[in-house]
Amino acid sequence: MTERDAPPMSASTPPTDAPAALGIDIGGTNIKMVRVTAQGEILAQSQVPTNDGTDWIGQLREQIARIEAEPGGRMEHIGLAAPGLAARDGRSIAWMQGRLEAIQGVDWTTALGRARPVPVVNDAHAALLGEVWTGAARGSRNALLLTLGTGVGGAALVDGRLLRGHIGRAGHLGHISLDPDGPPDIVGTPGSLEDAIGDCTVARRSKGRFASTAQLVASAQTGDAEASALWRRSLHALACGIVSLINVLDPETVILGGGVIKAGPALLVPLQAELDRLEWRPTGAKIRLVPAALGEMAGAVGAAWQALAKNE
């Protein structure tokens, strides 16, 4: 069964007697690993620096060997999450340019020397799988994840199935266009959601006053009129993006992750008010807006779920 053939989450809860799985999430800064039971209980977790440019694949193999040397540590099921577009066969990242370019094309089943296939999934896709399995959207069959950080990433689950699309681009929610006359973002989309709310554009949007969203929010909370106005515009843009996605994909739950959610109520309360004003709610239905629950381990948890679901 290939990654694209994976069954819906509701049909793929691993059997209760399934062995624990190891989920690996390779990021630009750290490699995160979790041992997870078939019920979603995290038994152990760890992080090691990615050290891009060194033999980090070898270091990862050594880390797995240390885990498996512990009593009961042998991992029959391993799943891996990483940035980039996952290959059609689910064994590698087919496209990744930038800091982790060395990850492109690595067949992880071979690289890790495993007998069982190591399913590979995009990191944002994996984070949504983790949140739906044991996190903020547990049990949802229709859910969106927006990661609000330096940029804006995301993923979508529709009728229990993760959307991957023709070449794996599905879920790049930050690159929808809100302003056709706006500046192009990193992928060339004019006036994107990422441009309107991402940390990467705060300095430009504030004409150099703020270097980060955290600084912007802190000033807005002191009553700074200019900062407050800019933060309101940012949240209005985010709400417009969310309601547009709601109208296309009809989720029951929208999960917000990434560093920007550290703003807490300063983000969630006014954003909910904007959604109350803008969301189309036929039959009275409204989406549930929730912060991500699994934090930086969500991708590793989702990778573990994928390994269990693919090998059940």
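**Figure 1. Close-up of the buried residue N122 in strand β7.** In this predicted model, N122 has a relative accessibility of 8% and is therefore counted as buried, the limit for that class being under 20%. The residue belongs to strand β7, which covers residues 120-122. Two polar contacts of its side chain with backbone atoms are shown. One joins the side chain of N122 to the backbone oxygen of G84 at 2.8 Å; the other joins the side chain of N122 to the backbone nitrogen of A124 at 2.9 Å. With residues up to four places away in sequence left aside, N122 touches A81, A82, P83, G84 and A86. G84 thus appears both as a polar partner of the N122 side chain and in this list of touching residues.

**Figure 2. Close-up of the packing of helix α3 against helix α9.** Helix α3 comprises residues 123-134 and helix α9 residues 298-310; their axes are 6 Å apart and form an angle of about 80°. Because of this angle, α3 is roughly perpendicular to α9. On the α3 side, the contact is formed by D123, A126, A127, L129, G130, E131, W133 and T134. These residues meet A298, G299, V301, G302, A303, W305, Q306 and L308 of α9. Sorted by class, the contact between α3 and α9 contains 9 nonpolar, 5 polar and 2 charged residues.

**Figure 3. Close-up of the crossing of helix α7 and helix α8.** The axes of α7 (residues 225-249) and α8 (residues 265-278) come within 9 Å and cross at roughly 55°. The two helices are therefore oblique to each other, and α7 passes α8 in a right-handed crossing. Helix α7 contributes W231, L235, H236, L238, A239, C240, I242 and V243 to the contact, while α8 contributes A266, L267, P270, L271, E274, L275, R277 and L278. Sorted by class, 13 nonpolar, 1 polar and 2 charged residues make up the contact of α7 with α8.

**Figure 4. Close-up of I176 in the loop between β10 and α4.** The loop that holds I176 runs between β10 (161-162) and α4 (193-197). I176 has a relative accessibility of 23% and so counts as partly exposed. Leaving aside residues up to four places away in sequence, I176 touches T189, G191, S192, L193, G241 and L245. I176 and E194 are 18 residues apart along the chain, and their C-alpha atoms are separated by 8.1 Å.

Definitions and conventions: Residues are numbered from 1 along each chain as its sequence is written. This is a predicted model: local features need pLDDT of at least 70, side-chain atom pairs count only at pLDDT 80 or more; totals for chains, interfaces and linings use all residues. Side-chain values use heavy atoms; hydrogens and water are left out. Axes are lines fitted to C-alpha atoms, for helices over the stretch in contact, and angles run from 0 to 180 degrees between N-to-C directions. Helices (H or I, at least four residues) and strands (E, at least two) are DSSP runs, numbered from the N terminus. Angles under 35 degrees count as roughly parallel, over 145 as roughly antiparallel, 65 to 115 as roughly perpendicular and the rest as oblique. A crossing is left-handed if the near helix is turned anticlockwise from the far one by less than a right angle, and right-handed if clockwise. Contact means heavy atoms within 4.5 Å. Ala, Val, Leu, Ile, Met, Phe, Trp, Tyr, Cys and Pro count as nonpolar, Asp, Glu, Lys and Arg as charged, and the others, Gly among them, as polar. Buried means under 20% relative accessible area, exposed over 50%, partly exposed in between (1.4 Å probe, protein chains only). A polar contact is a pair of N or O atoms within 3.5 Å; within protein, one must be able to donate a hydrogen and the other to accept it, and residues adjacent in sequence count only if both atoms are side-chain atoms.
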